[in-house]
Amino acid sequence: MYSAFKDFPELEDLHACADSISTVGEVREEAWVRYRHHDFPILSFRFGTTEPEAPTLLFVAGVHGLEKIGTHVVTSFLKSFIRLVQWDHTLIHLLSSCRILFYPLVNPVGMFLNTRCNGRGVDLMRNAPIDAEEATLPLVGGHRLGPWLPWYRGEALEPMEIEATTLCNFVRKHVFPSRHSLILDMHSGFGLVDRLWFPYAWSHRYYPQAPRVLALKKLLDQSYPHHVYVIEPQHHSYTTHGDLWDYLSLEHQASFASGVMLPLTMEMGSWHWVRKNPRQMFSSFGIFNPVLPHRVKRTERRHFFLFDFLVKAIASGDRWAELDGQKKIFLERKARQLWYAVRR
Ligand SMILES: [Zn+2]
């Protein structure tokens with residue numbers, strides 16, 4: 001069905017998924033990104049109801065081309081998912097009222113080139129037109145010096161990059177109308193533990209959906225007490241300019257006040273892989289990805305239960321998204337104590 005890209009196993013894998021999806025879901029080329037003489041597709045996979053307000057779960061990966069493990073884990077889950085929807089009545093029933101979306105490779109050119117940025121040297125997660133309110137780390141927080149340095153935001157007055165715009169438009173079309181939605185965006189390369197970040201990256205301000213994050217966290221803590229994730233606002237780690245999820249969250253809050261959209265960013269703690277295998281320090285790939293095969297498999301297994309948990313959670317929005325007044329006030333107080341006590 002699709003032309004093969006040689007030496008690009010991630011895209012070949014996605015094309016294999018596209019070929020095997022048959023009638024159980026839908027695959028789309030959301031855009032093509034031109035680099036030199038090649039056009040690279042951005043693919044999305046959709047399963048479940050097309051009813052716009054239906055609860056929606058979106059898996060995203062590959063924003064940063066170097067962080068291949070995110071795309072590997074999401075694609076691996078997508079392969080299982082395509083098998084499961086052919087026989088699992090529980091899942092088939094769930095999809096009659098919910099929508100599950102996969103967007104496994106936001107930045108195909110970056111992944112092909114083994115770079116964090118896209119083919120024009122822009123860091124897509126610094127590319128939204130939003131400035132941090134507080135001081136960011138030099139360079140890492142995003143800068144406009146030029147594409148020769150990592151974390152480049154792009155020029156101030158230029159439109160967003162095609163990869164960023166395409167992702168934003170996809171979210172606006174398929175996620176914004178939902179009455180409650182969860183997004184999981186997979187990254188790697190920071191810290192020793194696996195973190196689940198929620199907005200904001202641009203500010204230390206209180207995130208209005210924090211009570212829902214806390215409700216979801218409680219479900220996770222109670223159901224899987226030994227889970228590995230540290231759940232916190234992104235600004236606890238660092239603040240940045242131009243975060244796409246900040247940008248989309250603010251736009252969503254302004255335009256669809258009644259719906260709940262919760263974007264979570266998973267930052268897989270890659271320093272752990274380096275510590276276990278110090279030789280990885282000497283390859284740029286190795287700082288962002290597990291290298292040894294058993295560790296790749298373990299990383300996939302490590303996160304699949306979370307993906308399953310999110311599938312269950314999206315069908316059970318009454319337990320975390322639809323909070324009555326009393327419960328919301330209680331959770332807001334707890335969330336402020338947990339995440340917003342003075343700590344700078
Ligand atoms: Zn990243």
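This is a short chat about the zinc site, one buried residue and the cavities of a predicted model.

Biologist: Let's start with the metal. Which protein atoms are the donors of the zinc ion?
Modeller: His 64 through ND1, Glu 67 through OE, listed twice, and His 187 through ND1. They lie 2.1 to 2.5 Å from the zinc ion.

Biologist: What spacing do the donors follow along the chain?
Modeller: The pattern is H-x2-E-x119-H. Glu 67 sits in the loop between β3 and α2 (68-84), while His 187 belongs to strand β5 (residues 180-188), so this pair ties together parts that are 120 residues apart in sequence.

Biologist: And the geometry, what are the angles among the four donor atoms?
Modeller: They run from 56 to 154°, and the site is irregular.

Biologist: Is Glu 67 buried or exposed?
Modeller: Buried, because its relative accessibility is 4% and the cut-off is under 20%. His 187 also counts as buried, at 4%.

Biologist: Switching to Ala 61. Where is it found?
Modeller: In strand β3, residues 56-61. Ala 61 is buried, with a relative accessible area of 0%.

Biologist: What does Ala 61 touch, leaving out residues up to four places away in sequence?
Modeller: Gly 70, Thr 71, Val 74, Tyr 103, Pro 104, Leu 105, Val 106, Asp 185 and Met 186.

Biologist: How far is Ala 61 from Thr 265 in space?
Modeller: 9.7 Å, C-alpha to C-alpha, with their positions 204 residues apart in sequence.

Biologist: Now cavities. How many are there of 30 Å³ or more?
Modeller: Two. The largest holds about 70 Å³ of space, and the second largest has a volume of about 60 Å³.

Biologist: What lines the largest cavity?
Modeller: Leu 196, Val 213, Leu 216, Lys 217, Leu 220, Ile 231, Leu 264, Leu 306, Phe 309 and Leu 310. By class, that lining has nine nonpolar residues, no polar and one charged.

Biologist: Which element gives the largest share of that lining?
Modeller: α6, with four residues. Both α6 (210-223) and α10 (293-314) supply at least two.

Biologist: And which residues line the second largest cavity?
Modeller: Trp 197, Phe 198, Pro 199, Tyr 200, Ala 201, Gln 234, Asp 243, Trp 245, Asp 246, Pro 263 and Thr 265. Two or more residues come from each of β6 (195-198), α7 (244-255) and β8 (260-268).

Biologist: How does the lining of the second largest cavity divide by class?
Modeller: Seven nonpolar, two polar and two charged residues. Thr 265, whose distance to Ala 61 you asked about, is one of the lining residues here.

Terms used. Residues are numbered from 1 along each chain as its sequence is written. This is a predicted model: local features need pLDDT of at least 70, side-chain atom pairs count only at pLDDT 80 or more; totals for chains, interfaces and linings use all residues. Side-chain values use heavy atoms; hydrogens and water are left out. On a 1 Å grid over the protein atoms alone, a cavity is a set of points where a 1.4 Å probe fits but cannot get out, and a pocket is an open set with protein on both sides within 12 Å along at least five of seven lines; lining residues have an atom within 4 Å of a point. Grid points are joined across faces, edges and corners, and a volume is the space filled by probe spheres set on the points. Ala, Val, Leu, Ile, Met, Phe, Trp, Tyr, Cys and Pro count as nonpolar, Asp, Glu, Lys and Arg as charged, and the others, Gly among them, as polar. Buried means under 20% relative accessible area, exposed over 50%, partly exposed in between (1.4 Å probe, protein chains only). Contact means heavy atoms within 4.5 Å. Donors are N, O and S atoms within 2.8 Å of the metal (3.2 Å for Na, K and Ca); water is not among the atoms, so sites may look incomplete. Four donors count as tetrahedral if all angles lie between 85 and 135 degrees; four count as square planar and six as octahedral if opposite donors are over 155 degrees apart and all others between 65 and 115; anything else is irregular.
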